[in-house]
Each structure stands twice: as C-alpha cells, then as structure tokens.
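Please go through the following model alongside this briefing, which takes up its aromatic contacts, a sheet and a helix in turn.

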Amino acid sequence: MSVNQTLIEILIKHQLNIMLSMGSICFITAIFVYFTTSLSKERKKALMLVEIFSMLLLLCDRMAYIYRGDVSEKGYWMVRISNFMVYLMSLSNLYGFNKYISDLFINEGGLKEIPKRLRVAEIMYLAGVIMLLIAQFTGFYYTFDETNHYRRSSGFLVCYMIPLIIVFIQLSAIIRYGKKIDKYIRISLFMFTIIPLIATIVQIFMYGVSLTNMASVGMSVILYLFALSDLNRRVDRANRIEIDYLKEEQKVTYRLFDQVAKAFVNAIDARDVYSQGHSLRVARYSREIARKQGLSEKECQEVYYSALLHDVGKLSIPDSLLEKEEDLTEEEKEIVRHNPIVGNQILSDIKEFPYLATGAHYYKEKYDGSGYPEGLKGEEIPYIARIISVADAYDSMIQGTGWRNPMPDIMVREELIKESGKKYDPDYVGIMVDLIDNEKEFLLGNQETGEFSWKNEMQCFEYRTSISRGIKITSKTVKISFKSKPEGKGKKEFSVPSLIFFDSFDACVHDTEKTVELNQYLEYGELWFDGHIVNTSARDMIIKEWVGDLNENTEEPKEEDNTIYEIEAVKFRDHVRIRLHNGNNRFEVTAALPDNSRWAYLGITGEYCYISDIEINETDEEIKEGDIQRIKEEISYIDHLEGDIPNVQIDGTFSAFTEGVPLTEDMRISFHTMSLPTANLVWHCPYILLYSSKDGKINGPDYEKLALFSLNGESKNNDTAQNKFETDISENFEGWDSWKIKNKKGFNCTVLFSRSGNKINVSSQNFGVSIHNITTLNNRKKMVYVALTGEQCAITNIMVM
C-alpha cells in the first residue's frame, strides 16, 4: 500500500471529526469577527458570512456522511437536505468572499467602484443557485440510489464549473488590483482562491473525501487570521507613527526649550564680559562628568539643563559688582550670596522640571559644609549641584574673572585636587581631573582661546608687541619655516623677526608679575637670525656658524620682498639645539637649561615686520645622547648613598622607574624622596607601580600595569585589575602648600605591602595624607612586581624589607 493511499484512508476515517472541529472553529471565528471593532462594517459583514457559510458547509457535509445509507424517512430527508446545503453553502462561501474583496478594493485599494468582473461573479453566483434548484428536481448533478447513497450524475462536472468560473474571475481581479492592497492580505486572497481550486481538482479523482469543502473552510479561517494580523500591523504602525510623532514633538519642545534657555543665559552672561559663554560651557562639562559617572541619558540631560540655568540668580546682582575688578566688600559679598536663592525662586515655578531649581539653589554649597545658602555637607548636597560645582569652578578658573586672571589647566588641576573633599566632591573632581589629563580636545573645543589661539600670520610693530604661541621643543626634531617682509617703519628703517626661548605652563610669553607667577614663566633668552643672542636664565648659551642646510635648496630663499626663515629645534634632557637659517646666515645655538625637568618653547616675534605662512612639522626621529654638544654638566639630585636598588631621578611624568621588586606576602619599602627645585605642583612626588611581566621588567614581555597611585592621593589605575583606592586627609593635615614645602625639603617614606591570594593591600602615610589601595588580581598565581616612579622628584636610599 502506497503512502498516498494510507493518507486517504486516514482522512476518510477521521474526516467527520475533522469536519466537526473545523465547523466549531468557524463558529468561534465568526464570534471573534463580530466583536472585532477595528474592521469596517461591510468587511465585518462579509467575513461573518464567509465564516457562517463555512460552518454550515461542513456541518451539512458531515450530516450527509452520517445519514447516507439510512433508508428511514429521517435519513431520506437528511441526506437530501444536507447535500443540497453543501452545494448551496459552497456557492454562498464564494459570494461572501466576493463581498470581502469588493470592500478591500474600495476601502484599501482606493477604487471608486466595485470592479465589473466582481459584479459578473455575483451574477454567476445567482446562476449557480438557480442551476442547483433545477438540479434538485432533475437529478442533473446527483441522484440517490435505493440504499439512500449519493451518486454523481452526468451533469456532475457542471456543478463544479460554476464555482470554478467564479474563482477564476475573483483570481483575475486579485491579480489586476492586488498591488493596491497590503502584501499580507494579498497573500491570503491568493490562498483562499488557489488552495480550494487545487483541492477541487484532486477531489474529482478522490471520491468519498470532502477535500474541497475542508480546504475552503480552512482558508476562511486563514482569511480572518490574515485580516487580524493586518489590523495588528496597522495598529502597530499607527502606534509607531504616533510614538514617532510624540517623540518628534518632544524633540521640538526640547529644541525650543534649549534655544530659549540658551538665549536666556547668553543674555545673562552678556552682562559680564568675563562670563560670556560660561553657562553653556559649564553645562557641557557637567553633562560629560555625569556621563562618565555612569548616569542614564535622561539624568545626563537633567544635569545639562540644570547646569545651563545654574547662574540665573545673577540677575539680582548689580552690573557694578559684576564688572568690579577689586575684591568685594562684606556687604557686596552678601549681595552676591543671594544669587542661589534668587535662582531657586525663578526656576522653582517650572513645575515640569523641578531639577532645574536644584542646581541653581545648591551649586554654591561646599562638600565640607562651608558653602551657602544652607551649609549642606557631603551627600546632603544634591548630586546635580555637586557636579555643577566642579564644572563651574573649572570654567571660572580656566577663563578668568574680573578679579582673577585665567589660570593654565595645570594650575586648575592642582587647585581642584587641593580642594577635593573640602569644596568639591572627590568623585566628581576625579572625573574632571581625568578630563584635563586625557580629553584636552573636548575641553579646548568648549573654551574661548582668545589672544593665545594659534595663527599662521602676524603683524609686528614695536619689538615684542606681537608674539606667537609657543612651539614646543621635544626629543623629536621640529622644523619651522615662515616668510617675513618689512612693515611700517621697517620699510625705511629696521625690520627683523626674532625668537623668544622660554618655559611656561600655558606655552605663552608673559610680561606681568601676576601672570609670570601664575604660569611659572621662565625666559631662557632671545635669538636673532643675524647671530645675536641674549641669555636670560639658561645655565649657558653658545652660538656658532653652521655650515649645513635645513633644506635642499642652496639658493638664497627670497621671493619678491619676502625672506624665508627656517628653524630646526630639538631637546635632549637639559640641552637644546636650535639651528637658524635666513639665506644669508646659518647659525647653531646650544643652550643648557636649569635642569632636565624644564620644558622649552620658541615664540616667534619681530620688529616692524609682517610674518606669514608659518609652518610647523615634527619629524619622527628621536635624538640620541651625543647628538647635541654638552656645554654644561648634567645636574643630578641623586648623588647619595644607594640602598638595595639604585637611586632614580624622575624629571618628567613617569620618565624613569626603579628596578622592579618581586612582591612577597608581607613587605615594606622605605626610601627618601625630595621634589626637584622646579617642582611646584602637589603631584610632583613619588608614585607606586604594581605590574606584572615575564621578565620582571617594566614594558617587558606580557607587561600589565595593575595599579598606579601617588603619595598625594591620586590614582591612575586601569582595567587590567580591580582596584579600590582611598585617600584620607587627617585633622592634623596642614594644607597642600605646607605639604609641598616639606616634599621639597625631602622626607623619609615607608610603603607597606601585603598579599593574600589574589588580593594586594598597599598603604602609606605622610604629613596627614593616608593612602590605601586594594588590588584584586584576575589570576591569583600571577607574579607581581613593585616599582617606584613619579614626576619631578628624586628617590634615594631605597630599602626593601
């Protein structure tokens, strides 16, 4: 027996149960259709007709099967009525489907009237009903034998022809107009017409199985399911459109609020020449601090707008106080102290955004409780206000105020560290310091560069009236070229460019006592292209003629009335070499700086000249020892007795390290430390480094930095190991200025280490500053080493115990 025969026998055996189940499903589906409110009235009516006709079709077909062969009077009538209803419901099912697709084409497809071919299908339906009635009395479609069994007659195929014609008409309409309706609905229409058609063809050769009827009923249920799915997609699409609309409305509202708020604060900031753009910069810094703290996007936005409006209370401060450059009197300070209160009063009326008033009200509070207006302390201060406090302080220091000059970022960094835990929340100070150290582009992109922004041209009148920003000299050769021509008096008298050789925190030349001190400005000397030099504070400076060329062009580098000037500068430790070329002269200047820790810059200036086309290029070649003639002995601060490992002098940031010491379970390292004479910042001190590598050397094979932290309480840990770092400032701490003085005099320090499994504890205490770090290793068997490094300090007499 073949597989097909087996399947047919199973269908014949269970088809009555299948019919009952499918009929029940159609009844339930009809109820669902009735209660589906999203369908149009006509479409709901059509779908209900399809489901009810399908239910009656299967129930009558089932009854025909049940009563066939029953020769009783009841069986006689039930067989005849059931078979008549089967043929009638088959036609009626197509009539309901015709109504369904007609409504689709009108309401979904946009047709103005029902297609003519669907009208023809309705006429064919009426013809089919009439033919069916005639067949009941003539036996043209079927007859019944003496045992009350159904028998096909000679006109049997005709009874199938009319439904087939209707189906083909409907199918042609679907093909013609289907693209005007939803793709998924179109698929269900094709299934409703094609699958019963296939079943009809099969049934011609499979007498005894109601494949056509069951297929039609199954497709009627599918029809509803696809319609329901389409409704769900439409609802989802409508919801998405509504949500997108609401989101866009929200964006528009935010944009409007953002524009109004910015216009408002810009108007406030404009009252004070020193605070123009202040509120917007503080808002951007605050949002970045919030983001790095791990706050949500919504919270970051709240921080941003709260910071943007933090200074609205300034409206209550008279212009005379905003513009005052001298120190304020006590009465004037009291007026200024009302700034947060007035800001809170203005913003508290914005009920939709209560966080706005929070920032304005509390951003002047201090972490130690010494602020105003309420004297809150620590986490009593709302986190938004603590963030704004740090951002506001940074911007005020970096931009300057009426009574204070702008500070270089290195001094701002120190001020933030010194006030961490006192004025400002240490967590947010740590983030701001990280921004200063690692994200200068973000900070510079929000700052007003003012007079010190870089320009590739400049006009010089009297000597030093115009000076470029400093060009840094490093261990990689930097090449500079520019053009110069006489300007003003220089056309008739003297015109010459020159260079200023200096060191400064902000890479700029200064000439006032206050800015010289603030930026730790040190001028080494002045250089002219005719071989004239002035040594101001270098240990020594010599000049000699140089026979080499800075480029391949041996002709005199002139074009029209411009003279081309070329410079080549490089630094190795405490010596700098500068080569000058102006076509007529070639000179080489060698300068010995005060010590290795000093930076060096060149500023371009001149007298009655116009300098243009300034180009700066740094090569990739690192200079080596011996490339620069040494004219002074190198200054060493570690010519002392050595302990267990060699002494080390650290001139720059982590520019030198001690030898690595394998970490044991309990260990201590003692040493003498002294900050160098040029050191003037709190982090100019030793750092403790924990690391691992195959050969025990820093930057050796498989090197990993596990922890790095300083004696002043700064941590530069990374993600290669888990670190918990804590700094405690005791009550007997005399302040950071005192700490720096003691550090410069030098002191003995002891660092304690202990290891248990994968945990390493490190602690130290000096002058009231206690540090403690717990490192958790990923691998408890990892070999760990300890080394000392730092910035601008000398470490001697190192003992490991």
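Does Phe747 count as buried or exposed? At 8% relative accessibility, Phe747 counts as buried, a value that, like the others here, is computed from a predicted model.

**Aromatic rings**
- The structure holds 27 aromatic pairs, and one of them joins Phe747 and Phe767, whose ring centres are 4.8 Å apart with the planes at 75 degrees, so the pair is edge-to-face.
- Because Phe747 lies in strand 22 (residues 747-756) and Phe767 in the loop between strand 23 (759-766) and strand 24 (769-776), the pair ties together parts that are 20 residues apart in sequence.
- Phe767, at 31% relative accessibility, counts as partly exposed.
- Tyr87, Phe140, Tyr141, Tyr142, Phe144 and Tyr150 make up one aromatic cluster, and within it Tyr142 and Tyr150 are both buried.

**Charges over rings**
- The charged end of Arg80 sits over the ring of Tyr76, 3.5 Å from its centre, while that of Lys472 sits over the ring of Trp599, 4.7 Å from its centre.

**An open sheet**
- Four strands, in the order 17-25-19-20, form an open sheet with antiparallel pairing; strand 17 (661-662) and strand 20 (704-710) stand at the edges with a single partner strand each, so one side of each is left without a neighbour in the sheet.
- Strand 19 (residues 686-692) pairs with strand 25 (residues 785-790) over six bridges, and Ile688 has Leu788 in strand 25 as its bridge partner.

**Helix 14**
- In helix 14, 16 of the 17 residues are buried, and the helix is followed by Gly400, whose phi is positive, near 85 degrees.

Conventions:
Residues are numbered from 1 along each chain as its sequence is written. This is a predicted model: local features need pLDDT of at least 70, side-chain atom pairs count only at pLDDT 80 or more; totals for chains, interfaces and linings use all residues. Side-chain values use heavy atoms; hydrogens and water are left out. Buried means under 20% relative accessible area, exposed over 50%, partly exposed in between (1.4 Å probe, protein chains only). Helices (H or I, at least four residues) and strands (E, at least two) are DSSP runs, numbered from the N terminus. Two strands pair if DSSP finds at least two bridges between them. Rings of Phe, Tyr and Trp (its six-membered ring) pair if their centres lie within 6.5 Å; planes under 30 degrees apart count as stacked, over 60 as edge-to-face and the rest as tilted. A charge sits over a ring if NZ of Lys or CZ of Arg is within 6 Å of the ring centre and within 35 degrees of the ring normal.
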